[in-house]
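Visitor: I would like to be walked through this model, beginning with how burial is judged and then turning to the sheet and the core.

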Amino acid sequence: MVTLMSTEEYIQCPCGRIYKSPEEYKLVFLKKEQCEIDILCANPACHLKELGYIKFKVDHVHRKAHVEIASFYPPFVTWNATRLGRDKANKLLEEHLRYILEKRIDWKRIALEAPENCSEILEIREITGEEAGEKGSGS
Ligand SMILES: [Zn+2]
């Protein structure tokens, strides 16, 4: 059985490029010093270009990377929410983001290659007498 779907069933960039699969986005790890991976439109003539981004932190001791924020930019989200309805667009976009995070990014390599400033900050701090007092005196 063949199901024909109209373009309204798919995520689309405002430039017209259709995304049937999350494999089709272009990912670039250019902003290394910002610990960020950009999700770019596959259409080189796209006026938006950047559709989303992924920010991560690296645990250099355990050589592991983890996602801090993964997000599509509002113009891309709004465009799809207008076309598909907000619920459907959000669901599809979330699936795409999840797929990109789980299947398309080589986190092991990123953990190795990410610069030192992408490290997690582990802070060990004791509550000082003053802070403990503040917390106890809630109004
Ligand atoms: Zn585009």
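Guide: This is a predicted model. A residue counts as buried if 20 or more other C-beta atoms lie within 10 Å of its own, as exposed if 12 or fewer do, and as partly exposed in between.

Visitor: Is Leu-48 buried, exposed or partly exposed?
Guide: Leu-48 sits in the loop between strand 4 and strand 5. Because 16 other C-beta atoms lie within 10 Å of Leu-48, its class is partly exposed.

Visitor: Which residues does Leu-48 touch, leaving aside residues up to four places away in sequence?
Guide: Leu-48 belongs to the loop that links strand 4 with strand 5, which spans 50–59. With residues up to four places away in sequence left out, the contacts of Leu-48 are Cys-13, Pro-14, Cys-15, Cys-41, Pro-75 and Phe-76.

Visitor: How far apart in space are Leu-48 and Tyr-73, C-alpha to C-alpha?
Guide: In sequence, 25 residues separate Leu-48 and Tyr-73. In space, taken from C-alpha to C-alpha, the distance between Leu-48 and Tyr-73 is 9.8 Å.

Visitor: What is the order of the four strands in the open sheet?
Guide: Strand 3, residues 26–28, pairs with strand 4 in the antiparallel sense over three bridges, and strand 4 is joined to strand 5 by five bridges, again antiparallel. Strand 5 and strand 6 also run antiparallel, joined by eight bridges. Strand 3 and strand 6 are the edge strands, each pairing on one side only. The open sheet therefore has, with antiparallel pairing, the order 3-4-5-6.

Visitor: Which residue of strand 5 is the bridge partner of Ile-37?
Guide: Strand 4 and strand 5 are antiparallel neighbours joined by five bridges. Within that pairing, the partner of Ile-37 in strand 5 is Ile-54.

Visitor: Which elements give two or more residues to the largest nonpolar core?
Guide: The largest nonpolar core has twelve residues, including Ile-39, Leu-40, Ala-89 and Leu-93. Apart from this core lies another, of eight residues, with Ile-54 and Cys-118 among them. For the largest core, the elements giving two or more residues are strand 4 (36–40) and helix 2 (86–104).

Visitor: At about what angle does helix 2 run to strand 6?
Guide: Helix 2 lies across strand 3, strand 4, strand 5 and strand 6. Relative to strand 6, helix 2 runs at about 155°.

Conventions:
Residues are numbered from 1 along each chain as its sequence is written. This is a predicted model: local features need pLDDT of at least 70, side-chain atom pairs count only at pLDDT 80 or more; totals for chains, interfaces and linings use all residues. A nonpolar core is a set of buried Ala, Val, Leu, Ile, Met, Phe, Trp, Tyr and Cys residues joined through C-beta atoms within 7 Å. Two residues are in contact if their C-beta atoms, placed from the backbone, lie within 7 Å. Two strands pair if DSSP finds at least two bridges between them. Axes are lines fitted to C-alpha atoms, for helices over the stretch in contact, and angles run from 0 to 180 degrees between N-to-C directions.
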